[in-house]
Amino acid sequence: MKIEFTPAAEKFIRRLVTFDGGPGYGLRLLVSPGGCSGMSAEFSVEPAPKDGEQVYAHGAFKLFLPAQSRLLLDGVTIDFKETATSTGFVFIDPKAKSCGCSTTDAPAFEETA
């Protein structure tokens, strides 16, 4: 499984885990089909993975990913954007087809925090 992170996403995840968790904590990322552009996501800082979740270690943080999230995130770049109208993760999937409701060139979906 390959997931890439932009520097903004790495910084946000590290801060989230540091301030909402502690040593050994990770970010549980639940991604599912749905939403305008094909996917929706939920996340929380947790002390350990649940049964069936895989730990994906990346530098200074860990993601706890259930099977469906692993399938959907394979090959995806995770970014974090903060604008005047929204704040959240942006998932850029080069395999996704545009749904017609996005004005960006790269197919993506966004989950606001």
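This text leads from the nonpolar core of a predicted model to its aromatic rings, its helix 1 and the pairing of its strand 5.

The core is a convenient place to begin, since general experience supplies the background: in soluble globular proteins, nonpolar side chains tend to be buried together. In this model the largest nonpolar core has 23 residues, and those with the most contacts inside it are Phe5 and Ile78. At least two residues of this core are supplied by each of strand 1 (3-5), helix 1 (7-20), strand 2 (26-33), strand 3 (39-46), strand 5 (61-65), helix 2 (67-73), strand 6 (76-82) and strand 7 (87-92), while the largest share, five residues, comes from helix 1. With residues up to four places away in sequence not counted, isoleucine 78 touches Ile3, Glu4, Phe5, Thr6, Ala9, Leu29, Phe89, Val90 and Phe91.

The aromatic rings come next, and the structure holds seven pairs of them. In one of these pairs, the ring centres of phenylalanine 12 and phenylalanine 89 are 5.4 Å apart and the planes stand at 80 degrees, so the pair is edge-to-face. This pair links distant parts of the chain, with phenylalanine 12 in helix 1 and phenylalanine 89 in strand 7, 77 residues apart, and both phenylalanine 12 and phenylalanine 89 are buried. Phenylalanine 89 also pairs with phenylalanine 80, their centres being 6.2 Å apart and their planes at 80 degrees, so that this pair too is edge-to-face; phenylalanine 80, like phenylalanine 89, is buried. One aromatic cluster is formed by Phe12, Phe43, Phe80, Phe89 and Phe91.

Phe12 leads back to helix 1, which has 14 residues and reaches 20 Å from its first C-alpha to its last, close to the 20 Å expected at 1.5 Å a residue. The buried residues of helix 1 are Ala9, Phe12, Ile13, Leu16 and Val17. Because these buried residues fall within an arc of 125 degrees when seen down the axis of helix 1, they line one face of the helix, whereas Pro7, Thr18 and Phe19, on the other side of helix 1, are exposed.

Strand 5, finally, is mostly covered, with four of its five residues buried. Strand 2 and strand 5 run parallel and are joined by two bridges, and leucine 27 has leucine 63 in strand 5 as its bridge partner. Strand 4 (residues 54-58), by contrast, pairs with strand 5 in the antiparallel sense over five bridges, and alanine 57 stands opposite lysine 62 in strand 5. The hairpin of strand 4 and strand 5 has two residues between the strands, and glycine 59 takes a positive phi near 60 degrees there.

Definitions and conventions: Residues numbered from 1 in each chain as written. Predicted model: local features only at pLDDT ≥ 70, side-chain atom pairs only at ≥ 80, totals over all residues. Heavy atoms only, no water. Core = buried A, V, L, I, M, F, W, Y, C linked by side-chain atoms within 4.5 Å. Buried < 20%, exposed > 50% of the residue type's maximum accessible area, 1.4 Å probe, protein only. Contact = heavy atoms within 4.5 Å. Phe/Tyr/Trp six-rings, centres within 6.5 Å; stacked < 30°, edge-to-face > 60°. Expected span 1.5 Å × (residues − 1). Arc of directions from axis to C-beta. Pairing = 2+ DSSP bridges.
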